[in-house]
Amino acid sequence: MTAQSNDFVPANLPSTIQHYIGGQHVDSIDGDTFDVLNPVTNKPYLQAASGKVADIDAAVAAAKDAFENGPWPTMLPRERSRVLHKIADIVETRGQELAEMECYDTGLPISQALGQARRAAENFRFFADLIVAQHDDAFKVPGRQANYVNRKPIGVAGLITPWNTPFMLESWKLGPAIATGNTVVLKPAEFTPLSASLWPGIFEEAGLPAGVFNMVHGYGEEGFAGDSLVKHPDVPLISFTGESRTGQIIFGNAAPYLKGLSMELGGKSPAVVFEDADLDAAIDATVFGVFSLNGERCTAGSRILVQRGIYDEFVERYSAQAKRVKVGLPHEETTEVGALVHPEHFEKVMSYVEIGKSEARLTAGGGRPEEFPEGNFIQPTVFADVSPDARIFQEEIFGPVVAITPFDTDEEALELANNTKYGLAAYIWTNDLKRSHNFAQNVEAGMVWLNSNNVRDLRTPFGGVKASGLGHEGGYRSIDFYTDQQAVHINLGEVHNPVFGRQEQAAEDLQA
């Protein structure tokens, strides 16, 4: 069997990508570039400007000038809201173009890339509405004092985004950062800079003032764009999404400047299936939960814990369904799992597949599909009877690989669910109301879904515990992160305060 040739190329595909600083497309100051690979062929298809310290300095200077001297931070919320709604409108009109670029650049199936475009627009609409409806606290002590909160934008926000669903996750940070009146410097992931190249045109068309949005491409290592942005003294905020080890490095590098940090990091999320669960729904949800987005999702339920009474049936049915998941070229509408983002990541995931073969029982997948001898394609892979001390149980793989483990009691299930350094998400499948709430409140996870796939209300907090993150964004939590809250106290009556320094004066008055 031979796969179709990858003859798909998006319209308007550039051959080069530049930085965007102060409203202008510019090359790196030293002229350096890096290759961007097509994940289906692993061949370079464009060159992107490679940012260093000097490029970040220029971008931060433009953002700082726009914050201190430009109109954006002092505009009324309604005026900023109009611009954000225009941004959302434009994103929606470019949904097909965006999805095709995302699909080509990341290897995501086109059907799932289309969903990312819709969600990106919704992120801007949400914060466009929220800043208009927002109200802050006021307190009073009758006849004595009134107090209110004055909320202010902070300055230049550094946004560092990942390579999985890049455009949507960029919108997740850009929306609240600029809605609240800040200016930004975005550093997209070096594996997937293509869709980010659409932002400058979108923002210009929507009327965002020059300098509010700046973008520097490049690597994250010391001396390059990401590291330089984190260490820049004029960037008081860093919002980062990525893996936990990089988050630790950012934490250390930001510490001397006492920067505000919001970090959504790795995950090894449990999906817990009890005997009384709706088994059909649980299987469908857990198959989608780990194999959608090519398994490259932080909230993937990559550890499935199944109660003993239904364990054998679950493993058999789950494995059979995993084998039917359609691996194909990313641009084909029937494809359910496409190509992993980059050969480096492909090798990492495949190394875990080989580790899993020595740690557990392989029940589906386990290699490269025969019809795709090249590119970053991996079969949806299922391991059963996985011990909690196995590496494939403990470590984030970030690919289409799942570990299934049995349990007997509720207490054992909770112990297994909490038995990793991560704590981002958890999924609980049971029809026992008391059990579901007790389990949800005791599991170590920032987000829990009961009898549900990963469907999130944008008003709710997003973030993890333990090694899965620091802080929360989403809804008002994003507003809190991107603003300073200043308490203003007003005296309304007689000044009530102790008086120092009057005793000596009184004695002098008596002597006189």
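# Exercises on a predicted model

Six bridges hold β4 and β5 together, and the two strands run antiparallel. Keep in mind that this is a predicted model. Let's start from that strand pair and work outwards.

## Exercise 1: the small sheet

Work out which strands stand at the edges of the three-stranded sheet, and why one side of each is left without a neighbour.

*Solution.*

Step 1. Begin with the pair you already know. β4 and β5 form a hairpin with four residues between them, and Asn42 in the turn has a positive phi of about 60 degrees. Across the pair, Leu37 sits opposite Pro44 in β5.

Step 2. Now bring in β1. It pairs with β5 (residues 43-49) in the parallel sense, over two bridges. One spot to look at is Ile17, whose bridge partner in β5 is Ala48.

Step 3. Put the strands in order: β1-β5-β4, an open sheet with mixed pairing. β1 (16-17) and β4 (33-38) are at the edges; each has a single partner strand, so one side of each has no neighbour in the sheet.

## Exercise 2: two packed helices

Find out how α2 is oriented relative to α4, and what kinds of residues make up their contact.

*Solution.*

Step 1. Two packed helices are described by the angle between their axes and the distance between the axes.

Step 2. Get those values for helix α2 (residues 77-93) and helix α4 (residues 110-133): their axes come within 8 Å and cross at roughly 170 degrees. Angles over 145 degrees count as roughly antiparallel, so α2 is roughly antiparallel to α4.

Step 3. Look at who touches whom. On the α2 side you'll find, among them, Leu84, Ile87, Ala88 and Val91, while the α4 side includes Ala117, Phe124, Phe127 and Ile131.

Step 4. Sort the contact residues by type: 13 are nonpolar, two are polar and six are charged.

## Exercise 3: the seven-stranded sheet

Trace the order of the open sheet of seven strands, then say which helix lies across β13, β18 and β19.

*Solution.*

Step 1. The order is β15-β16-β17-β14-β13-β18-β19, and the pairing is mixed. The edge strands, each pairing on one side only, are β15 (361-364) and β19.

Step 2. Check the twist. On average, neighbouring strands here are turned by 20 degrees against each other, direction ignored.

Step 3. Zoom in on one pair. β14 and β17 are joined in the parallel sense by five bridges, with Ile304 opposite Ile404 in β17.

Step 4. Now the helix. α14 lies across β13, β18 and β19, and runs at about 165 degrees to β19.

## Exercise 4: buried faces of α13 and α14

Decide where the buried residues of each helix sit around its axis, and what they pack against.

*Solution.*

Step 1. In α13 (residues 410-417), the buried residues are Ala413, Leu416 and Ala417. Seen down the axis of α13, these fall within an arc of 100 degrees, so they line one face of the helix. The face turned away from them carries exposed Glu411 and Glu415.

Step 2. The buried residues of α13 pack against β13, β14, α12, β17 and α14.

Step 3. Repeat for α14, where Arg435, Ser436, Phe439 and Ala440 are buried. Their arc is only 125 degrees, which puts them on the same side of α14. Exposed Leu433, Lys434 and Gln441 are on the face turned away from that side.

Step 4. The buried residues of α14 pack against β13, α13, β18 and β19.

## Exercise 5: loop residues

For Thr420, Pro142, Leu258 and Asn294, decide: buried or exposed?

*Solution.*

Step 1. The cut-offs are under 20% relative accessible area for buried and over 50% for exposed.

Step 2. Thr420, in the loop between α13 and β18, has 8%, so it is buried. It touches Lys268, Arg303, Phe393, Gln394 and Lys466, leaving out residues up to four places away in sequence.

Step 3. Pro142, in the loop between β6 and β7, has 68% and is exposed. From Pro142 to Leu492 is 350 residues in sequence but 8.5 Å in space, C-alpha to C-alpha.

Step 4. Leu258 is in the loop between α8 and β12 and is exposed at 75%. Asn294, in the loop between α9 and β14, is buried at 0%.

Step 5. Compare the backbones: phi is positive, near 50 degrees for Leu258 and near 60 degrees for Asn294.

How values were computed. Residues numbered from 1 in each chain as written. Predicted model: local features only at pLDDT ≥ 70, side-chain atom pairs only at ≥ 80, totals over all residues. Heavy atoms only, no water. Axes fitted to C-alpha atoms, helices over the stretch in contact; angles between N-to-C directions. Parallel < 35°, antiparallel > 145°, perpendicular 65-115°, else oblique. Contact = heavy atoms within 4.5 Å. Nonpolar A, V, L, I, M, F, W, Y, C, P; charged D, E, K, R; others polar. Buried < 20%, exposed > 50% of the residue type's maximum accessible area, 1.4 Å probe, protein only. Arc of directions from axis to C-beta. Pairing = 2+ DSSP bridges.
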